[in-house]
Amino acid sequence: RDRARATAPADYGTAPGHVDGEPMVRAEQVWKWFGSADVLRGVDLTVHPRQTLVLLGPSGSGKSTLLRCVNALERVDSGLLEVEGRRVGLREAGGRLHEMTEKELCGQRARIGMVFQRFNLFPHMTALENVALGPRRVLGLSRGQAEAEAERLLTRVGLRDKLDAYPAQLSGGQQQRVAIARALAMRPHVMLFDEPTSALDPELVGEVLDVMKDLAGQGMTMIVATHEIGFAKEVADTVAMLDGGVIIESGPPGECLVAPKEERTKAFLSKVL
Ligand code: ADP
Ligand code: MG
């Protein structure tokens, strides 16, 4: 078994330039609509450095849209959204806010790692090449540097013996761990996970959650959309329950998951547990 385990302790946490006490991610009254459909209807949330926020909520409640907004893959229609104190997708100049250019957006996204339900690895590249690509292209590392870093990260997610494997030769759980290593290779300050285990066979879920647990333990700031209540109980600092584009309840897992106040939270939990 190549059960995932961190090999070397790493330390994440506040990035250089991060102002003390400033949230890593802050949303205030964030609205997002598609045509006449309001998908996010005034979301407030704060994630401090080194904290893990678990986002719960039924299908269609807006979890993916919220994560995509944080990563500037979607533009917020109203409200304030900041990552490390900087407006997502907007730049200030001459006392006014301007939309970022595609290049500026890429710069902002480079600091935010995202892991999707589907791993989207390049099928014609080995695990090592998949992980080394971004650092070479975007961070400007040499091949040698990028591959050394990729090897270190793949070792950390328990895949030291799979460096030269192609995605098709890997299980879903192994592919998802490569995807996590690939996101980490960009040296993100925040990691976003959008239902990272829901496409996996049940027996492969644990190895991916273990990697995420290690990351949280090492101080990575994370927002995780998942239905894995056990993970939320064990790892989350805060749980937020999204329903109909609104956070209807949030707090420490010991409260929200054990003694939810809202009927809709109770109903949701009784379905996923
Ligand atoms: P979740 O991830 O919680 O399942 P989503 O954020 O994917 O929820 O979707 C929330 C709602 O927004 C759904 O009703 C979905 O159909 C709608 N939606 C998401 N993306 C788009 C889009 N690009 N265009 C129109 N509607 C969308
Ligand atoms: Mg989703």
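## Exercises on a predicted model

By class, 15 nonpolar, five polar and three charged residues line the largest pocket. Here Ala, Val, Leu, Ile, Met, Phe, Trp, Tyr, Cys and Pro count as nonpolar, Asp, Glu, Lys and Arg as charged, and the others, Gly among them, as polar. This is a predicted model: local features need pLDDT of at least 70, side-chain atom pairs count only at pLDDT 80 or more, and totals for chains, interfaces and linings use all residues. Residues are numbered from 1 along each chain as its sequence is written, and side-chain values use heavy atoms, without hydrogens and water.

**Exercise 1.** Find which element gives the most to the lining of the largest pocket.

*Solution.*
- Start with the term. On a 1 Å grid over the protein atoms alone, a pocket is an open set of points where a 1.4 Å probe fits, with protein on both sides within 12 Å along at least five of seven lines; lining residues have an atom within 4 Å of a point.
- The lining holds 23 residues; Arg 109, Ile 112, Val 138, Arg 182 and Met 186 lie nearest the centre.
- Two or more residues each come from helix 2 (102-109), strand 8 (112-115), helix 3 (127-137) and helix 5 (172-184). Helices (H or I, at least four residues) and strands (E, at least two) are DSSP runs, numbered from the N terminus.
- Helix 3 gives the most, with six residues.

**Exercise 2.** Work out which parts the salt bridge of Lys 63 and Glu 195 ties together.

*Solution.*
- A salt bridge needs a side-chain nitrogen of Lys or Arg within 4 Å of a carboxyl oxygen of Asp or Glu.
- The side chains of Lys 63 and Glu 195 meet at 3.9 Å, N to O.
- Lys 63 lies in helix 1 (residues 63-70) and Glu 195 in the loop between strand 9 and helix 6 (202-217), so the pair ties together parts 132 residues apart in sequence.
- Lys 63 has 4% relative accessibility, so it counts as buried (under 20% relative accessible area; exposed is over 50%, partly exposed in between; 1.4 Å probe, protein chains only).
- Glu 195, at 18%, also counts as buried.

**Exercise 3.** Is Asp 194 buried or exposed, and which side chain of opposite charge is nearest?

*Solution.*
- Place Asp 194 in strand 9 (residues 190-194).
- Asp 194 is buried and has no salt bridge.
- Lys 63 is the nearest side chain of opposite charge, 6.7 Å away. Lys and Arg count as positive, Asp and Glu as negative; His and the chain ends are not counted.

Notes. Chains lettered and ligands numbered in written order.
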